[in-house]
Amino acid sequence: MQKFIKENWPVLLISITVLVVLVIKSVEILSTAVTTAASTDYDSTWKSPSLFTDRTLEGKDRALVIYGQALIAHTSLYLGPHGKIAAISNGMNCQNCHLSAGKKTWGNNYGAVASTYPRFRDRSGTIETIYKRVSDCFERSLNGTAPDSTSEEYQAIEAYIRWVGQDVPKGVTPKETGIYKLPFLDRAADPMKGKLVYQNQCQRCHGENGEGQLALNKLEYEYPPLWGEHSYNSGAGLYRLSRFAGFVYSNMPNNEANHDNPKLTVEESWDVAAYVNSQPRPGKNLKNDWPDISKKPIDHPFGPYTDGFSEIEHKYGPFKPILAKREQLKKSKIN
Ligand code: HEC
Ligand code: HEC
């Protein structure tokens, strides 16, 4: 070996130098790729990180995020009626409404959570942490109770949500996060028209009575329920027509529609929202919601209101006259 090195040292030296230069170059190329990805232009589509390519997340932190993703995608296995950790929710998974575990553009994703919380929200009239916001979905959308903030389950959920939004600068809400705001109709949304949309486009999966269909394991849904005792309650975001219609327009039928290729028209989306949300579902005591009643969203269907419109008008619309009246009230306050 020594003899070989002595005789061939110039060749060896050149080979080693070439190798070192190559290694340095490839590290440079990789790191510029990473910086470009991190400084994404937020007028363009938000893209979630991927566990496959994110190699900076290691060890315990990685395990926690992976557990968090499993809890979002298969909540019911852990926390549903037969959950292996606790029985504290209605059998739905977070992912049923936060599609692709909260990563799908316009699929009610978590892109803006890490960047915008804690923040003030009118519904509670307080500054809300991520824990408060997640608890709200447990208590309303999952019609149950939230796991303790110190539990491993909650810690994993928050770690995952923070990881999903890790590339978004503080304070920024990227386009295509959350739920799309559909244009308002000039008429009230019509449950009778919506029933036809439901029968033609939704019933084959979500069932004749909106009951959905359990998966083979009987522990979570293949097709989640849209109304009835196992569905979201009247305090949930989807109970507001604009949220439901916007979600469905960009995402349903599942795996067939997406925001750039919707299967329903704007009208059909509003009407099917009216039909589904006129069916029975669990109630929720909302007496502490919207302490400032003038801040209620125009499609919040529970009074009292300051604008003089009825609960029925606030539930189904038409919403343009309500908006106009509110603008007028704002102006008269200023003058
Ligand atoms: C029945 C549907 C549904 C289910 C199930 C559901 N959510 Fe939600 N979630 C919503 C809606 C609707 C919103 C409000 C979206 C909006 O108004 O833009 C929301 C909002 C959120 C937000 C705030 C997003 C933001 O950008 O402000 C978080 C965080 C959240 N949900 C977490 C969860 C978690 C965790 C679970 C499971 C434990 C869950 N959700 C289950 C429907 C649901
Ligand atoms: C091909 C089957 C299929 C069709 C058709 C379909 N959905 Fe869905 N829907 C799903 C699945 C599956 C999910 C849950 C997605 C997940 O967990 O990844 C879902 C989720 C939902 C959710 C959120 C979860 C919940 O239960 O509240 C709503 C709301 C919804 N669908 C409404 C509709 C409406 C309205 C239509 C008709 C316009 C429709 N869907 C058509 C399969 C379907």
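Which residues are the closest to ligand 2? They are Cys 202, Cys 205, Pro 224, Pro 253 and Asn 254. The model is predicted, and everything below is computed from it.

## Overall fold

The protein has 13 helices and 4 strands. Its chain holds 335 residues, and 37% of them are buried. Among contacts with a separation of 6 or more, 64% join residues 24 or more positions apart.

## Ligand 2 site

In total, 24 residues surround ligand 2. Two elements give two or more residues to this shell: helix H9 (203-206) and helix H10. By class, the shell has 17 nonpolar, 6 polar and 1 charged residues. Both domain 1 (59-164) and domain 2 (191-334) supply at least three residues each.

Pro 253 deserves a second look. This proline is among the closest residues to ligand 2. The peptide bond that leads into Pro 253 from Met 252 is cis, with omega near -10 degrees. Pro 253 sits in the loop between helix H10 (241-251) and helix H11 (266-276).

## Ligand 1 site

Around ligand 1 there are 25 residues. The closest are Cys 94, Cys 97, Cys 137, Ser 141 and Gly 237. Helix H6 (130-139) and helix H7 each give two or more residues to the shell. The largest share, 4 residues, comes from H6.

The shell around ligand 1 divides into 16 nonpolar, 7 polar and 2 charged residues. Domain 1 (59-164) and domain 2 (191-334) each contribute at least three residues to this shell.

## A second cis proline

Tyr 117 and Pro 118 are also joined by a cis peptide bond. Its omega is near -5 degrees. Pro 118 lies in the loop between helix H5 (113-116) and strand S1 (119-121).

## Positive phi outside glycine

Asn 108 is not a glycine, yet its phi is positive, about 60 degrees. The residue lies in the loop between helix H4 (99-102) and H5. Is Asn 108 buried or exposed? Asn 108 counts as buried because it has 23 C-beta neighbours inside 10 Å, against a cut-off of 20 or more.

Glu 176 also has a positive phi, about 75 degrees, although it is not a glycine. Its place is the loop between helix H7 (152-164) and helix H8 (191-201). Glu 176 has 20 other C-beta atoms within 10 Å, so it is buried.

## Helix H2

Helix H2 covers residues 59-73, 15 residues in all. From first C-alpha to last, H2 reaches 21 Å. That is close to the 21 Å expected at 1.5 Å a residue. Which residues of H2 are buried? They are Val 65, Gly 68, Gln 69, Leu 71 and Ile 72. Seen down the axis of H2, these buried residues fall within an arc of 160 degrees, so they line one face of the helix.

The face turned away from the buried side of H2 carries the exposed residues Gly 59 and Lys 60. What covers the buried residues of H2 includes helix H3 (75-79), H4 and H7. H7 also appears at the ligand 1 site, where it gives two or more residues to the shell.

Notes. Residues are numbered from 1 along each chain as its sequence is written. Chains are lettered from A and ligands numbered from 1 in the order in which they are written. This is a predicted model: local features need pLDDT of at least 70, side-chain atom pairs count only at pLDDT 80 or more; totals for chains, interfaces and linings use all residues. A residue is buried if 20 or more other C-beta atoms lie within 10 Å of its own, exposed if 12 or fewer, and partly exposed in between; C-beta atoms are placed from the backbone. Two residues are in contact if their C-beta atoms, placed from the backbone, lie within 7 Å. A residue is near a molecule or strand if its C-beta atom, placed from the backbone, lies within 6 Å of it. Ala, Val, Leu, Ile, Met, Phe, Trp, Tyr, Cys and Pro count as nonpolar, Asp, Glu, Lys and Arg as charged, and the others, Gly among them, as polar. Domain bounds come from an automatic or database domain assignment. The expected span of a helix is 1.5 Å times one less than its number of residues. The arc is that of the directions from the helix axis to the C-beta atoms.
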